[in-house]
Amino acid sequence: FSDGDLFLVEGNYMRDCLLRLGCPENKIQIQRIAIPITKISFKSRRPKKEGEKVKLMFCGRFFEKKGILDALKAVIIARKKNTNFEFHIVGDGPLRNRIRKIINDHNLNSFVRLYGFMPYLEYLRILNEADIFIHPSRTAKNGDSEGGAPTAILEAQAMGMPIISTYHADIPNIVVPGQSALLSQEGDENSIAMNILSLLDNQTQWSQMGIVGRDFIHTKHDINNEVSLLEEKYSQLINKASPQC
């Protein structure tokens, strides 16, 4: 911290972490995650027609902190009251075998689809076909956490999807809680399940949640704006360090 002149963080949570570690407050600035919003198509999510299944989607590495196991457990709970949805999962990782076992043990093979890793543009295509995005991140038993927040949540909001997630790290700072996203305490499978059921039962809310999410991403995370803000930070740093004539 004494050697560095500027420390950039994704949000308030990471900022507070650096402060606790001893970083001087005047050396920390927030630089939000940037995404190319103009390359991500917005689609208003509409209520499903009779006979159509709702598509719930997760994307992330199969690590404990990503909350994939919590998502699966919440889905199992939700299915006891509503079976009119499918769970689509993009990703892979160390928890793959455990995830497959849960799916097999609960007879979910016809209900859950595992895509594995896939190219980014193909992922965006699959994501655009989904209705609700779930990513209930948590702090792992070994202390590992998001630190900031998953970029996938930003992309899903940019597409107009309602979000189900948690009050973990900087996630509350990259969504509009209660408006673009329904949040639970991390690891609370029952609360996550209730949020799934809420969105399944109140499909007319999807459209407005999507609009709020897209507007938020456009205002706070558009790469065109964030690049300019980052360049400005660099320029100020350089000017401060340059010798005065």
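## A buried helix and its aromatic neighbours

In helix 5, the buried residues are Ala 152, Ile 153, Leu 154, Glu 155, Ala 156, Gln 157 and Ala 158. Keep in mind as you browse that this is a predicted model. Helix 5 spans residues 151-158, and because seven of its eight residues are buried, the helix is largely enclosed by the rest of the structure.

What do the buried residues of helix 5 pack against? Their partners are two helices and three strands: helix 4 (120-128) and helix 7 (206-220), together with strand 3 (54-59), strand 6 (132-134) and strand 7 (163-166). After helix 5 comes Gly 160, which has a positive phi, near 95°.

Now for the aromatic side chains. The structure holds three aromatic pairs. One of them joins Phe 85 and Phe 111: the ring centres are 5.1 Å apart and the planes stand at 90°, so this pair is edge-to-face. Phe 85 belongs to strand 4 (residues 85-90), while Phe 111 sits in the loop between helix 3 (96-105) and strand 5 (112-116), so the pair ties together parts that are 26 residues apart in sequence.

Another aromatic pair is formed by Tyr 120 and Tyr 123, and this one is tilted, with 6.4 Å from centre to centre and 45° between the planes. Both tyrosines lie in helix 4, three residues apart, about one turn of the helix. Helix 4 is also one of the elements that the buried residues of helix 5 pack against.

Are these four rings' residues buried or exposed? The table gives each one in turn.

| Residue | Relative accessible area | Class |
|---|---|---|
| Phe 85 | 1% | buried |
| Phe 111 | 6% | buried |
| Tyr 120 | 39% | partly exposed |
| Tyr 123 | 5% | buried |

Tyr 120 counts as partly exposed because its 39% falls between the cut-offs of 20% and 50%.

Stepping back to the whole protein, the secondary structure comes to eight helices and eight strands. The radius of gyration is 19 Å, which agrees with the value near 18 Å for a compact globule of 245 residues. Along the principal axes, the C-alpha atoms fill a box of roughly 75 × 40 × 30 Å. Of the 245 residues, 48% are buried. Taking contacts between residues at least 6 apart in sequence, 71% join residues at least 24 apart.

On the outside, the accessible surface is about 12,500 Å², and carbon and sulfur atoms account for 48% of that area. As for charge, there are 31 positive and 28 negative side chains, and the centres of these two sets lie 5 Å apart.

Definitions and conventions:
Residues numbered from 1 in each chain as written. Predicted model: local features only at pLDDT ≥ 70, side-chain atom pairs only at ≥ 80, totals over all residues. Heavy atoms only, no water. Helix = DSSP H or I, 4+ residues; strand = E, 2+ residues; numbered from the N terminus. Rg over C-alpha atoms; globule rule 2.2 N^0.38 Å. Buried < 20%, exposed > 50% of the residue type's maximum accessible area, 1.4 Å probe, protein only. Contact = heavy atoms within 4.5 Å. Areas by Shrake-Rupley, 256 points an atom, 1.4 Å probe, with all protein chains shown as cover. Lys, Arg positive; Asp, Glu negative; His and termini not counted. Charge placed at Lys NZ, Arg CZ, Asp CG, Glu CD. Phe/Tyr/Trp six-rings, centres within 6.5 Å; stacked < 30°, edge-to-face > 60°.
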